[in-house]
Amino acid sequence: MARIDELLSQMTLQEKTGQLNMVAAGRSITGPVIAGNVAEGVRNGRIGGLLNIWGAEEVHNLQKIAIEGTKLKIPLLIGLDVLHGHRTVFPIPLGETAAFDPALWQRSAAEAAAEAAADGVALTFAPMLDVARDPRWGRVAESPGEDPWVAARFAEAKVRGFQNSDWPAGLAGRGALAATAKHFCAYGAAQAGIDYAPADVSARALEEIYLPPFAAAIEAGCAAVMPAFNSVAGEPMTAHVWLLRDWLRGLHGFDGVIVSDYNAIAELIRQGIAGDLIEAAAAALRAGVDIDMMSGAYAECLPQALERGLVSMDMVDAAVRRVLMLKERLGLFDDPFGRGTRPGVTGISQARRKFARELARRSITVLTNRNLLPLSPDLRRIALIGPLAEACAEMLGPWALAGEPQDAVTIREGLSAALPKSAIHCERGVAISDPDLSGIGPAREACHSADLVVLCLGEAAHMSGEAASRANPGLPGSQSALAEAVFNIAGELGKPVAVLLSSGRPLMISALAANADALVATWFLGIEAGNAIADVLTGAFNPCGRLPITWPREIGQVPVFFSSRPSGRPANPDDPHTSKYLDIPVEPQFYFGHGLSYSRFKLSAPRLNTSTIKPGEDIVVEADVCNEGPVAGEQTVFLFLRDIVASVSRPLLELKGFAKIALAPGKRGTVRFTLRSADLAFPGHDLKPVLEPGEFLIFVGPSADPKELLAAKVRLLPD
Ligand code: GLC
């Protein structure tokens, strides 16, 4: 690109390292070190990018300095964590994944991009693609759950949505954001579920679990990648030459920008692979990290690293070139003020709010229901009890930087609007996390005159997300005491109790599951939480959310997930020498894919178009679904595979597809999947893909619960 070559030839070393320096502007705080006056750094060319700033006017003023106040007039790159909406906050990613709807995932990214771009943002630090199987780890809230195949579909949808891939202008469009696939990689395998802790995973686990979502993101054209804070098998990701240079750029041809996580380059010193900031800067640059987020190592130390011969000017130029190319692809050179100038994009549009409600209600996952839901329209008196009943900020979740709590519809507001004839008596009972029990008495009292008790329990938004690991992820504070008191009095009075669980993770709630007449996972649903919850409770919307993560019974089971490998001694209650616990069942509280509907769906066994295939051929799998229930609804059918005998022990279940089908009462339909023979391949002994003849089981089911799976067999013949 001539313009970039020309620029590079004119740039001083300071101007080059300035382009590799991204600094936090401080409107939101997402890391440990805080910058000073960024305007001066922009003016003197030492800052090429900013994060944690948004707002058309603020961005315009800083972009004006870069364009009009510097010699080279290189536009600033403005980045922000736009994970699940911008000002219009949508459900957290773990909740949105429960909708199992790639078109919806893509649309929510596109809506968020349009809103954030109108606020001057050009790059989002999303999608977060960390496969997560440990509810102790707070960032499970930001993840697409436990399965790499789902995470890969989520990656494709989000990259295409953020980057406006379906529009001619693409990334250069004024409503587009450059997407950043993060955190590369195996961050979800943090030791003991503690954030930022090392991850020690096998090369096979990388191939089968943690790398596929990033391969999908790159295939979808993702513009940037962010290495994870953690080390993988002893090598910090921020300086991981094999994974960043050889796998990402070499094997997968990623030519976009690698942006470090916040201060991560400087933290290579603490991770023990750099003696000082100069060595840290050199290690990151050699690995291919282009932008230094917030550590200052590149701006301050690359000159000395060059003098010491630790890096070459070619490496610096290659990094600068990729950053300038990204700015070019974003249209920032031709239209530096294009994002953030459109008038009137203030507040929340009604269309976007309507979409937020649709997405939120599709994310809600009904876990148990003893014929309590949907609520009777004749309901007149509701006792709404618990610390989340009137919570606003909590509904936005832990990563809603531009979200405003006052925009959120509370559970109480949603129920009041949906049930205008009902009297709703609200009692907090206890706070989210302090020990004061004084409110339990009034809460018990409120049950006496109620027809229905709705318990609104769960976490505060800050209890999940970054730096929010919990060793015992149960109900915080005294909420269990509140629940027990309410169940007791409601039992004595014969009043039904519905429990709404707002959280950023699966919570250990076996007691709630045993006692509630209905238990609903409402995640953190965003600004339309209250209305979406009311839509589901009243039956205005028939719930279709399905768990994107296995829900453990006890934290001692972790990690528990459906695609584990077979044991030589599988659990057998009749045989003491088998793989089980002495103190609890081995089964999880709820399986991956679990979620109830107000319809009743019957699924047929899978029909295959052939019982044998050869490499290069496809298998068509069909299964009939019948709605035997009283109301129209949507069923999600999962397709799993089991390679019975192979040169490497294959997982008990591998997810290879999901399909949704909407059916009126009494109607029947067919879901259809096409499996390519390549879908039967797996990493062999050398971790290269192999396709081995033999028998495979193909399952369909509404979840990964073995009791609900229906199977058919196919044989792969030799070539
Ligand atoms: C944080 C997070 C990362 C985020 C970045 C910028 O530390 O790890 O996900 O994108 O900093 O806010």
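**Loops, sheet and ligand site**

Asn-52 is found in the loop that links β2 (49-51) to α4 (56-68); helices here are DSSP runs of H or I with at least four residues, strands are E runs of at least two, and both are numbered from the N terminus. The model is a predicted one, in which local features need pLDDT of at least 70 and side-chain atom pairs count only at pLDDT 80 or more, while totals for chains, interfaces and linings use all residues. Residues are numbered from 1 along each chain as its sequence is written, and side-chain values use heavy atoms, with hydrogens and water left out.

Back in that loop, Asn-52 has a phi near 60 degrees, a positive value in a residue that is not glycine. Two peptide bonds also catch the eye. The one from Phe-184 to Cys-185 is cis, with omega near -10 degrees, and Cys-185 belongs to the loop between β5 and α8 (203-210). The bond from Leu-373 to Pro-374 is cis too, its omega near -5 degrees; Pro-374 is part of the loop between β11 (365-369) and β12 (381-385). For background, most residues other than glycine have a negative phi, and most peptide bonds are trans.

Turning to the sheet, 8 strands make up an open one with parallel pairing, in the order β9-β6-β5-β4-β3-β2-β1-β10; two strands pair if DSSP finds at least two bridges between them. At the edges stand β9 (257-258) and β10 (292-293), each with a single partner strand, so one side of each has no neighbour in the sheet. Further in, β5 (residues 178-184) runs parallel to β6 (residues 224-227), joined by 4 bridges. Lys-182 has Met-226 as its bridge partner in β6.

Lys-182 also turns up at the ligand: of the 13 residues around the ligand (a heavy atom within 4 Å), Lys-182, Thr-30, Asp-81, His-183 and Asp-261 come nearest. By class, this shell has 6 nonpolar, 2 polar (Gly counted here) and 5 charged residues (Asp, Glu, Lys and Arg). The ligand sits in the largest cavity, a set of points on a 1 Å grid over the protein atoms alone where a 1.4 Å probe fits but cannot get out; to sit there, more than half of a molecule's atoms must lie within 2 Å of the grid points.

Polar contacts (pairs of N or O atoms within 3.5 Å) involve ligand oxygen atoms. One such atom is 2.6 Å from a side-chain N or O atom of His-183, and the distance is 2.7 Å for Asp-261 and 2.8 Å for Arg-139. Taken alone the ligand exposes 310 Å² (Shrake-Rupley, 1.4 Å probe), and the protein buries 100% of that.

Technical notes. Polar contact = N/O pair within 3.5 Å; in protein donor to acceptor, adjacent residues only side chain to side chain. 1 Å grid on protein atoms, 1.4 Å probe; cavity = no way out; pocket = protein on both sides within 12 Å on 5 of 7 lines; lining within 4 Å.
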